[in-house]
Amino acid sequence: MEIILIPLIRFFGLLLLQVFILNAIEPGLGIYLMAYPLFIAIMPFNYNIFTCLSLSFLLGFSVDLFSNTFGLHASAATVTAMLRPMIYKYFGPRDGYDVIKNPNVLDMGFRWHLLTFGSLLVIHNFWFFLLESFRLDEILIVLKKSVLSSVCSFIICWALQYVFFKKEKTICNNCIYHYCWFVV
Amino acid sequence: MQNLIAFFQRFRIFIFFVLLQVISLGFYFSYIAYPKGQFLTSSWAVSGALLGWQNDFSKFFHLEENNSLLQNENVRLRKNQMSNFVKVSAELIKINDTLYKQKYEYIPGVVINSTTTRRNNYFTLNIGSEQGVQSGMGVFSDKGVVGVVYMTSKYFSLVKTILTENSNVDVVIEPSGLTGYLKWQGNDSKRGSVIGISSDIKLAKNSMVYTRGGSGVFPKGIPVGKVEKLIPIEGKPIWNVVIKFTENYQALQNVYVVKNLMQQEQKKLEQGIPIEENK
């Protein structure tokens, strides 16, 4: 039950936050606050890539329905989901990730989160703004927009995780026992 | 055949990814080129209704400002009413009420969803085809021109604002009477530019820019902006006239949709213009 319910809550929570609050805030300088890429980043490590792609596409599509972008968000979200495994592999530990841990800032530490989620956000925003302007002579504006937006969005997502997530328990013998008991 | 199956198995992730990209980008580019339906936009009934609720809540932030704007407009219109005027001379005055025929009708509406910092900015209005809005109608507020209706659904409509790449509203700069086209450079929602004015003409700073009303989308004389500076375009004998918009699009709420009652007649007449052959 939890396996279905938690992603569902995250999906709709981030969608509503993006559509009704962040879309209405326009700080100027071309900054576009995006919180929904966080959903793509915090999907568990053991998700199938097809599930990742489909869920990201659905989320991007739902954001598109509310913000007059006609499919840009869906495109950027699928690119992010496609590159997610590569980036996680590049920055990950040599012997793979711990399956009990989740890819959020509390479990994995700030440095890892900055490297992976930061690069995912930059790629996502760059793809979005590049397709939006679709002109090479505006590439400097696109770069400026994507860097500024990534920085602001990263701060928002970082704060969101501290407010809504709790740290996974560290693995002691007792916990392993509980975990195994739960699985069996 | 086995090779083909092996190929699909090897690249199945990438093929799925490309498929999703084709769907989303296909939607994007077909909508940018020509509006096809209401799906995938905020004029779609479900998202329109939800955005309407959001606006019911967020309109209170600008309530005072919008009230005073509407009040000012009311005062200005009230000043023009017949009952306000006193006859000064004792001579008889003939009012030719059959000489005039109404050309424009206005439909009031409220902006329920808007962006100003994207490359192409669209506004969603809470009025649709049921209220008489059709695509191609002009939209303006009491302080300035807003845009053209891009597509409509039953109770909502989507406006392509002048803050897009190809808005091309025809404008006239007063008092010199020069005409040009309104463009937007894409990074500043407070400034636009007028293209098409010959660079051997000097323009005074702060001269007002109004709509020309040539195409029948907007009535004549709706304010657009004030001339801020002139920048020469390289290799062309025309100015890039930078103007500052009179309307603040970030806080825009109450707008009017223009219904031109003689649009059909003008279109029908202008269809008769012969197309020049390319030589």
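These are my notebook entries on cavities, single residues and salt bridges in a predicted model.

**Entry 1: cavities**

I searched the whole structure for cavities of 30 Å³ or more and found five. The largest has a volume of about 130 Å³. I listed its lining, which comes to 15 residues. Closest to the centre are Asn66(B), Leu69(B), Asp142(B), Glu247(B) and Leu252(B). Next I asked which elements of chain B each supply at least two residues of this lining. They are α4 (63–79) and β12 (254–260). Helix α4(B) gives the most, with five residues. I then sorted the lining of the largest cavity by class: five residues are nonpolar, five polar and five charged.

The second largest cavity holds about 100 Å³ of space. I counted 13 lining residues there, and both chains appear among those closest to the centre: Asn68(A), Thr69(A) and Glu132(A) from one, Asn120(B) and Tyr122(B) from the other. The class split for this lining is five nonpolar, five polar and three charged.

**Entry 2: Glu73(B)**

I stayed with helix α4 of chain B, where Glu73(B) is found. Glu73(B) is buried, yet I found no salt bridge for it. How far away is the nearest side chain of opposite charge? That side chain belongs to Arg76(B), and the distance is 4.4 Å. A salt bridge needs the nitrogen within 4 Å of the carboxyl oxygen, so the pair of Glu73(B) and Arg76(B) at 4.4 Å does not count. Leaving out residues up to four places away in sequence, Glu73(B) touches Asp142(B) and Tyr256(B). Asp142(B) had already come up among the residues closest to the centre of the largest cavity.

**Entry 3: Trp112(A)**

I moved to chain A and helix α6 (residues 110–133), which contains Trp112(A). Is Trp112(A) buried or exposed? Its relative accessible area is 10%, so Trp112(A) is buried. I looked up its contacts, not counting residues up to four places away in sequence. They are Phe45(A), Tyr88(A), Phe91(A), Gly92(A), Tyr97(A) and Pro103(A). Phe91(A) is 21 residues from Trp112(A) along the chain, and their C-alpha atoms are separated by 7.2 Å.

**Entry 4: backbone**

I checked the backbone next. The peptide bond from Glu174(B) to Pro175(B) is cis, with omega near 5 degrees. Pro175(B) sits in the loop between β6 (170–173) and β7 (178–183) of chain B.

I also noted positive phi values in residues other than glycine. Phe134(A) has phi near 55 degrees. Phe134(A) belongs to the loop between α6 and α7 (139–164) of chain A, and is exposed because its relative accessible area is 54%. Asn206(B) has phi near 70 degrees. I placed Asn206(B) in the loop between β8 (191–198) and β9 (208–211) of chain B.

**Entry 5: salt bridges**

I counted six salt bridges over all chains. Arg135(A) meets Asp137(A) in one of them, at 3.4 Å from N to O. Arg135(A) is partly exposed at 31% relative accessibility, whereas Asp137(A) is exposed at 58%.

Arg135(A) also pairs with Glu165(B), with the closest N and O atoms 2.8 Å apart. This pair crosses between chains, from the loop between β5 (157–161) and β6 of chain B to the loop between α6 and α7 of chain A.

Arg119(B) and Glu138(A) form a salt bridge at 3.2 Å. I noted that this pair crosses between chains too. Arg119(B) is buried at 2% relative accessible area, and Glu138(A) is buried at 9%. Which residues do shared partners join into one network? I listed Arg135(A), Asp137(A), Glu138(A), Arg119(B) and Glu165(B).

Conventions:
Residues are numbered from 1 along each chain as its sequence is written. Chains are lettered from A and ligands numbered from 1 in the order in which they are written. This is a predicted model: local features need pLDDT of at least 70, side-chain atom pairs count only at pLDDT 80 or more; totals for chains, interfaces and linings use all residues. Side-chain values use heavy atoms; hydrogens and water are left out. On a 1 Å grid over the protein atoms alone, a cavity is a set of points where a 1.4 Å probe fits but cannot get out, and a pocket is an open set with protein on both sides within 12 Å along at least five of seven lines; lining residues have an atom within 4 Å of a point. Grid points are joined across faces, edges and corners, and a volume is the space filled by probe spheres set on the points. Helices (H or I, at least four residues) and strands (E, at least two) are DSSP runs, numbered from the N terminus. Ala, Val, Leu, Ile, Met, Phe, Trp, Tyr, Cys and Pro count as nonpolar, Asp, Glu, Lys and Arg as charged, and the others, Gly among them, as polar. Buried means under 20% relative accessible area, exposed over 50%, partly exposed in between (1.4 Å probe, protein chains only). Lys and Arg count as positive and Asp and Glu as negative; His and the chain ends are not counted. Contact means heavy atoms within 4.5 Å.
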